[in-house]
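Student: Could you take me through one part of this structure up close? I'd like to hear about a helix and the residues it meets.

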Amino acid sequence: MPLEIVRNDITKMKVDAIVNAANQSLLGGGGVDGAIHRAAGKGLLTECRTLGGCKTGEAKITGGYNLPAKYVIHTVGPVYKDGKQGEKALLESCYRESLALAKKRGCETIAFPLISSGVYGYPKDQALKVAIDVISGFLLENEMTVYIVIFDKAAYKISEKLFTDIAEFIDDNYVDTHTDYRRESIRLCAPFSASAGSFTADHCEYKEISVEDDLDTRIKQIDESFSQMLLRKIDEKGMTDAQCYKKANIDRKLFSKIRSDIHYKPSKTTAIAFAISLELSLEETEDLLRKAGFALSHSNKFDIIIEYFISKGNYNIFEINEALFAFDQSLLGA
Ligand code: AR6
């Protein structure tokens, strides 16, 4: 998945590069910096001494030493004062410069902590938004898998307003699961109670038809598949394939599989990711999901959150993923 928010200790990430939220001396410190130096061992500090420090908003690269990651990219975030001292531009620059360095070294995977959001005091929700904006912009032009590593859940929050809005929407729509399952099972049973026979219109007489013939006829009338509908919608929206899968946060290999196999059965999160990328209405989303054998249900928080964003016309997959993460749900994408 091109951009993923995960909860982890960044020193444990098996990626090509991890990013360190360092200070200008590059000689170690507390927070994530201290953790990285401890896990990497003395070799890291020795190499850091040769770098001559680093300016705020810039980035430098070293080896990963005892870390599972091959490289450490050290960047210096701004100290947050009141948000009016150019903090945002400097923080954006940290992400841009780190990604550029990773690209130059041929990295395919990279993990970022939330730079500046600890000792340097950048509000976490705003720090996360900057990270997501810069990374998603980069991913529109480049192939890389990027992880944003959130260390502790308690420290993480999406904006209060969004959280409250979604929580209210869930309260209004959350249906007792048992009620819904019962209704669902009645609905699912209905088609199977019909007998394999039919009345012909002309003679109004009952004509037996074999189950095989009936099934054969029905199978020949099979609907457009998920893959066919997806490709049709991409054309209708005037998008290129790449625009569509990138906006869906889906990697190219998975998209190629779907493109070349008209019977491909995606996961529910993949199907929804495409619906979001194509900016489908709720009705069209339901239609696309049905092609993959899924539905949106009010018995499920994940589905309600998706419905919330579609009904608000907000198709920003990264914002949706932020909200899903905050409510402990699976994220969209591959
Ligand atoms: N893995 C992932 N994230 C972590 C980890 C970890 N092991 N440990 C902390 N975080 P901070 P800053 C998160 O203070 O604000 C250092 O002393 C943490 O929860 O490490 O950029 C440097 O030397 C927070 O969300 O970095 C500088 O002097 C985020 O990492 C100064 O702190 C960043 O918190 C830099 O301050």
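Tutor: Happy to, and we'll start with one helix, move to a residue that touches it, and then look at the core and the ligand.

Keep in mind that this is a predicted model. The helix to look at is α13, residues 301-311. Of its 11 residues, 9 are buried, so helix α13 is largely enclosed by the rest of the structure. The buried ones are Phe302, Asp303, Ile304, Ile305, Ile306, Glu307, Tyr308, Phe309 and Ile310. Notice that Asp303 and Glu307 are on that list alongside residues such as Ile304 and Phe309.

Both ends of the helix have a detail to look for. At the start of α13, a side-chain oxygen of Asn300 comes to within 2.9 Å of the backbone nitrogen of Phe302. Just after the helix, Gly313 has a positive phi of about 70°.

Now follow Phe302 outward. Among the residues in contact with Phe302 is Thr269, which belongs to helix α11, residues 268-277. Setting aside neighbours within four places in sequence, Thr269 also touches Ser330, Leu331, Leu332 and Gly333. Is Thr269 buried or exposed? Its relative accessibility is 17%, and buried means under 20%, so Thr269 counts as buried. The Thr269 side chain also has a polar partner: it makes a contact of 3.2 Å with the side chain of Ser267.

Leu332, one of the residues that Thr269 touches, takes us into the largest nonpolar core. That core has 80 residues, and Leu332 is listed with Tyr95, Ile110, Ile135 and Phe274 as touching the most other members. Helix α4, residues 124-141, supplies the largest share of this core, with 9 residues. For a view from Ile135, leave out its neighbours within four places in sequence: Ile135 is then in contact with Leu3, Tyr95, Leu99, Phe112, Val146 and Ile148. Another core, of 15 residues, lies apart from this one and includes Ile10, Cys48, Val72 and Tyr147.

Cys48 leads to one more pair of helices, as Cys48 in α2 is among the residues that meet α1. Helix α1 (residues 31-40) and helix α2 (residues 42-49) pack at about 115°, with axes 6 Å apart. On the α1 side, the residues involved are Ile36, His37 and Ala40. By class, this contact has 5 nonpolar, 1 polar and 1 charged residues.

Finally, the ligand. It has 22 residues around it, and Gly30, Val32, Asp33, Ser117 and Gly118 come nearest. A side-chain N or O atom of Asp33 lies 2.7 Å from a ligand oxygen, and a backbone N or O atom of Gly30 is 2.7 Å from an oxygen of the ligand.

Notes
Residues numbered from 1 in each chain as written. Heavy atoms only, no water. Core = buried A, V, L, I, M, F, W, Y, C linked by side-chain atoms within 4.5 Å. Buried < 20%, exposed > 50% of the residue type's maximum accessible area, 1.4 Å probe, protein only. Helix = DSSP H or I, 4+ residues; strand = E, 2+ residues; numbered from the N terminus. Contact = heavy atoms within 4.5 Å. Polar contact = N/O pair within 3.5 Å; in protein donor to acceptor, adjacent residues only side chain to side chain. Axes fitted to C-alpha atoms, helices over the stretch in contact; angles between N-to-C directions. Nonpolar A, V, L, I, M, F, W, Y, C, P; charged D, E, K, R; others polar. Near = heavy atom within 4 Å.
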